[in-house]
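Student: Please take me slowly through one single part of this model, and explain each term when you first need it. I would also like to see how that part fits in with the rest.

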Amino acid sequence: MGILNWFSRKKKASGVGTPDKPSGAASQDHGPLTDALKTAGYTVRQRPASQEAMVDSIVQAMRARQTSISEGTFETGEKNPQRILCSDNACPCTDAQPLVIGRTAYMYISQAVVDFRKDCRTLLERDMMLERAAKTMGMSALLVDGGVANPFYLCETGAKLRGLDLSAALADAKMVAETGFAPLRTTPRAKQ
Ligand SMILES: [Zn+2]
């Protein structure tokens with residue numbers, strides 16, 4: 001995925017777990033590094049206010065890690081998203097129709113996402129990995145990796161173009177929206 005793709009990605013809705021609007025509290029000045037991290041799927045977190053909150057978030061991350069490993073899933077973040085749009089840059093749709101879970105919202109889990117997330121099941125681990133990559137390899141590494149950190153929602157047109165098994169992609173979208181976790185495997189292909 002090259003730099004062109006990175007720019008065009010910005011036209012469409014962002015992937016799972018990345019809200020359309022930046023959540024007010026966390027909008028400090030955005031350096032290019034922060035932008036690149038966000039493009040790659042990095043979640044801007046508020047630093048826990050107290051030691052208790054810090055312990056809480058660590059306990060939460062450990063729980064998420066255990067759950068995802070025992071259930072063969074990985075953490076995607078945002079549960080019950082308010083608005084789901086087609087985030088597939090390869091999809092020709094332009095109507096920006098909100099997608100409906102269980103009816104028109106599909107999920108695409110690529111091999112690249114599985115390869116990347118098998119070693120960082122939780123968002124915490126994933127963000128640490130992205131941050132490390134940014135420091136050691138520079139921003140270009142993140143541009144290349146843009147979009148592999150999380151799966152994304154897409155419309156039926158996009159799902160068909162990618163040759164996905166529609167009922168599986170529909171079920172995956174539902175699972176991600178309801179639980180904040182996705183199965184650690186690629187979306188099954190439609191039967192020929
Ligand atoms: Zn579409």
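Tutor: What follows is a close look at one helix, and then at its surroundings.

Residues are numbered from 1 along each chain as its sequence is written. This is a predicted model, in which local features need a pLDDT of at least 70 and side-chain atom pairs count only at pLDDT 80 or more, while totals for chains, interfaces and linings use all residues. Here pLDDT is the predictor's confidence in each residue, from 0 to 100; the protein averages 79, and 71% of the residues score at least 70.

To place the helix, begin with the whole protein, which has eight helices and four strands, arranged along the sequence in the pattern α-α-α-β-β-α-α-α-β-α-α-β. Helices (H or I, at least four residues) and strands (E, at least two) are DSSP runs, numbered from the N terminus.

The part I have chosen is helix H8, residues 166–179. The expected span of a helix is 1.5 Å times one less than its number of residues; for the 14 residues of H8 this gives 20 Å, and because the end C-alpha atoms are 20 Å apart, the two values agree. After H8 comes Gly 180, which has a positive phi near 80°.

Next, ask which residues of H8 are buried. A residue is buried if 20 or more other C-beta atoms lie within 10 Å of its own, exposed if 12 or fewer, and partly exposed in between, with C-beta atoms placed from the backbone. By that rule the buried residues in H8 are Ala 169, Leu 170, Asp 172, Ala 173, Val 176 and Ala 177. They cover an arc of only 160° around the axis, and therefore they sit on the same side of H8; the arc is that of the directions from the helix axis to the C-beta atoms. On the face turned away from this buried side, H8 carries the exposed residues Ser 167 and Glu 178.

What lies over the buried residues? The cover includes strand E2 (106–108), strand E3 (152–154), helix H7 (156–161) and strand E4 (181–183). Ala 173 shows this at the level of a single residue: leaving aside its neighbours within four places in sequence, it is in contact with Ile 101, Ala 105, Tyr 106, Met 107 and Tyr 153, where two residues are in contact if their C-beta atoms, placed from the backbone, lie within 7 Å.

These residues lead us to the nonpolar core, a set of buried Ala, Val, Leu, Ile, Met, Phe, Trp, Tyr and Cys residues joined through C-beta atoms within 7 Å. In soluble globular proteins, nonpolar side chains tend to be buried together. The largest core here has 28 residues, and those touching the most other members are Tyr 106, Met 107, Tyr 108, Tyr 153, Leu 154, Ala 169 and Ala 173. At least two residues of this core come from each of E2, helix H4 (111–117), H5, E3, H8 and E4, and the largest share, five residues, is supplied by H8.

Two other helices make useful companions to H8. Helix H5 (residues 123–137) has 15 residues and reaches 20 Å from its first C-alpha to its last, close to the expected 21 Å. In H5 the buried residues are Leu 123, Arg 126, Leu 130 and Ala 134, and these lie on the same side of H5 because they cover an arc of only 75° around the axis. The face turned away from them carries the exposed residues Met 128, Arg 132, Lys 135 and Thr 136. Gly 138 follows H5, and its phi is positive, near 85°.

Helix H3 (residues 51–71) has 21 residues and reaches 30 Å, close to the 30 Å expected, yet the number of its residues that are buried is two, so H3 lies largely in the open. Gly 72, which follows H3, has a positive phi near 70°.

Finally, a word of care about the start of the chain, since pLDDT stays under 50 over residues 1–11 and again over residues 18–29. Where pLDDT is low, the predicted coordinates should not be read in detail.
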